[in-house]
Amino acid sequence: MNETRQDLAVPTKHVEVLIIGGGPAGSYAASVLSREGIDVAVLESTKFPRCESLIPSVRPYLRFIGAEEKIVQHGFTKKPGSAIKFNQFKREGYTDFVALGADNNAWNVIRSEFDHLLLNHARECGAKVHEETKVTNIAFDPIDPEKPVSVSWTRTCTAQSPNASQNGTTKAVHGSTTFTHLIDASGRAGLLSTRYLKNRHFNASLKNIAVWGYWRNRIPDEEPDNEQDKEDHKPRVGMYGKGTSREGAPWFEALTDESGWAWFIPLHNGKTSVGIVMNQEQYNKSRPSSSDAQYECSLVGRYLANLRLAPGVARLLCGKDVVHNGSDSEHEIHVPIEEEILHQQAKLEPGSVRSASDFSYSAPNYAGKGFRIVGDAGAFIDPFFSSGIHLAFTGALSAAATICASRRGNCTEVEAAMWHTKRVAVSYTRFQVVVLSAYKQMRAQSVDVLSDVDEDNFDRAFTYLRPGKWPLRVKFYQLIRRYFLVIQGASDMGSRLSESELQRSLDFCINLFNPTSPEEHKAVEGQLAGSGKYRELMDVAKPLVDPKSFEDILKVTPTECPAGSTGCKETEANTYSESKPRMVLDKINARRLVHHEYAINNLEAEELLGCAIRLEKGRLGLMKVALVR
């Protein structure tokens, strides 16, 4: 990308809001604040390109800053949903994004391209963007040592050579910039959190390592003479849902040794991102055995060896498409990765294998006087559930709104900072509980998570779940962690979050990943259509429902026997009605736990510390709850 005159200039001596980092969180905050007429500068060093699988909730956030159409038109691979397989002897579950609307798809993106689109959009909104500019130090007010007031930076400048055949000379320019507010969007480095506040907490229950690489179709040594044979025998990476409405959806799969999971994400540049996430301790113990002589004991060798723990990924890399056709047996995949077969179909990009560890963390505070921390600079959960960009956008919008609130007198700076910390923590906790429930399912055991889940944030994350007005036994619940105790009639629930309570909450969230299909959802919707009062059971935006109610509902509604059967007895019909339909209703019910995160307008409706965000261009800020109601 060619640099503009603005890029070639060094940062100014003073700016109203300075943002460290031009990734999704930093670029988003810069766009929002610039559209509010605030003077913003972004200092961005270099970023390593990688891929990311997004979720549909990013679309309303992109729409809010006027960037959605740019992403739509760029050509990223459309993500119509996602397939998740926890059990090798059962079919995968599929979450259909476009069932809620044809334009509700997400994307599988190459982050270097996605990040530059957002950074350029911030420029167009009016932000001053300075690339190849690294913040080296943050200085604090000598009178108020908790308030940052300036940064020191180093900019790498390349002077163009008059001789086109020669490279230009490079020199470093040093300087400093003062500001009124600072936003740390420095990614995993987390400049404020790690170097100055020293408050980063690593999640012991998610102490994993991720290893990934990029694959592409192998170029054959010899081309067949016949054109049809060329097409039929063309080596290629397989695809999930090829030729169906699911084409382009990523494939996620639990490893057979219960140590973690694998991903398979198709990208628009012809490459496919394939990675594994394993428990760090188990990964350290796992080394290729003497029988695996073809796998050298290196990062690449161990990566290839561990991919054998994901039979579905193995099948896809061997050029076999996985296409759901309603038959569970079609999805019992037991294909070993044999290097000879593998490299006939797919080729691992040389030098593309990378690893990352200690990537699950959070902090007790994400803001203070004069600063906000957003995105990976403050917290990251896990690649599973693809929540990273969503949380980056949520935190960035919160940072922008609270800075505006403080500047416009909606509240004090201390109150604004406290609100931002709570907003980030609540959103983080909602996704954290879902991710932990998935790991509990993958590991087929209890996950020791009590030390990692903040009780107050847990409470606030689920206080919005209120009983619906159902004519059944729906008498719960103010807090999801009280769920099992309430429906069992317990009166004394105690004041502290217990490990057993949390484990039962995780069991409830596991229903998010039930192996159901869009076709089964439509069938259950048709089954309930005869009784209008039950129709809302299929609506994820409705209040949480007591799962005990489903037993009665499914017994009294008309039941159809499975397709292809010649008839079934009443007991068989009841068994069928309480299996797949029950899984569908449980899945929709569990989705209500995070649905509140999926619409940007919910930020106006959800009260935290007596305030909610005012999402109005030119008046962005916080408003008191009394004004919301």
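Student: Where does Glu-132 lie in this predicted model?

Tutor: Glu-132 lies in the loop between β8 (128-131) and β9 (133-140). Its phi is positive, about 55 degrees, although Glu-132 is not a glycine.

Student: Why is Glu-132 called partly exposed?

Tutor: Glu-132 has a relative accessible area of 35%. Buried means under 20% and exposed means over 50%, with partly exposed in between, so 35% makes Glu-132 partly exposed.

Student: What makes Glu-258 partly exposed?

Tutor: The argument runs along those lines again. The relative accessible area of Glu-258 is 37%, and partly exposed covers what falls between 20% and 50%, so Glu-258 is partly exposed. Glu-258 sits in the loop between β14 (251-254) and β15 (260-266), and has a positive phi of about 65 degrees without being a glycine.

Student: How do you know that Leu-603 is buried?

Tutor: Leu-603 has 6% relative accessibility. Buried means under 20%, so Leu-603 counts as buried. Leu-603 belongs to helix α21 (residues 602-605).

Student: What does Leu-603 touch, leaving out residues up to four places away in sequence?

Tutor: Leu-603 touches Tyr-61, Leu-397, Arg-423, Ala-612 and Ile-613. As for Ile-613, it is 10 residues from Leu-603 along the chain, and their C-alpha atoms are separated by 5.7 Å.

Student: How do you know that the reach of helix α12 is close to the expected one?

Tutor: Helix α12 (residues 388-407) has 20 residues. The expected span is 1.5 Å times one less than the number of residues, which gives 28 Å for α12, and the helix reaches 29 Å from its first C-alpha to its last. Those two values are close.

Student: What makes α12 "mostly covered"?

Tutor: In α12, 19 of its 20 residues are buried. Just after α12, Gly-409 takes a positive phi of about 75 degrees.

Student: What about the reach of helix α5?

Tutor: Helix α5 (residues 111-125) has 15 residues and reaches 21 Å, close to the 21 Å expected. Its buried residues include Arg-111, Phe-114, Leu-118 and Cys-125. Just after α5 comes Gly-126, with a positive phi of about 120 degrees.

Student: Which residues touch the most other members of the largest nonpolar core?

Tutor: Val-151, Leu-182, Phe-384 and Phe-513 do, in a core of 56 residues. Helix α13 (residues 413-443) gives the largest share of this core, 10 residues. There is also a second, separate core of 55 residues, with Ile-19, Ala-25, Val-129 and Ala-400 among them.

Student: What is Val-151 in contact with, leaving aside neighbours within four places in sequence?

Tutor: Its contacts include Leu-18, Ile-20, Leu-43, Val-135, Phe-179 and Leu-182. Asn-137, Ser-176 and Thr-177 are among the contacts of Val-151 too.

Student: How much space lies in the second largest pocket?

Tutor: About 550 Å³. The pocket is lined by 28 residues, and the closest to its centre are Pro-56, Ser-57, Phe-97, Arg-591 and Tyr-598. α3 (58-64), β5 (81-85) and α20 (580-595) each supply at least two residues of the lining.

Student: How do the lining residues of this pocket divide into nonpolar, polar and charged?

Tutor: The lining has 16 nonpolar residues, seven polar and five charged. Take two of the residues closest to the centre: Phe-97 and Arg-591. Phe counts as nonpolar and Arg as charged, so Phe-97 is a nonpolar lining residue and Arg-591 a charged one.

Key
Residues are numbered from 1 along each chain as its sequence is written. This is a predicted model: local features need pLDDT of at least 70, side-chain atom pairs count only at pLDDT 80 or more; totals for chains, interfaces and linings use all residues. Side-chain values use heavy atoms; hydrogens and water are left out. On a 1 Å grid over the protein atoms alone, a cavity is a set of points where a 1.4 Å probe fits but cannot get out, and a pocket is an open set with protein on both sides within 12 Å along at least five of seven lines; lining residues have an atom within 4 Å of a point. Grid points are joined across faces, edges and corners, and a volume is the space filled by probe spheres set on the points. Helices (H or I, at least four residues) and strands (E, at least two) are DSSP runs, numbered from the N terminus. Buried means under 20% relative accessible area, exposed over 50%, partly exposed in between (1.4 Å probe, protein chains only). A nonpolar core is a set of buried Ala, Val, Leu, Ile, Met, Phe, Trp, Tyr and Cys residues joined through side-chain atoms within 4.5 Å. Contact means heavy atoms within 4.5 Å.
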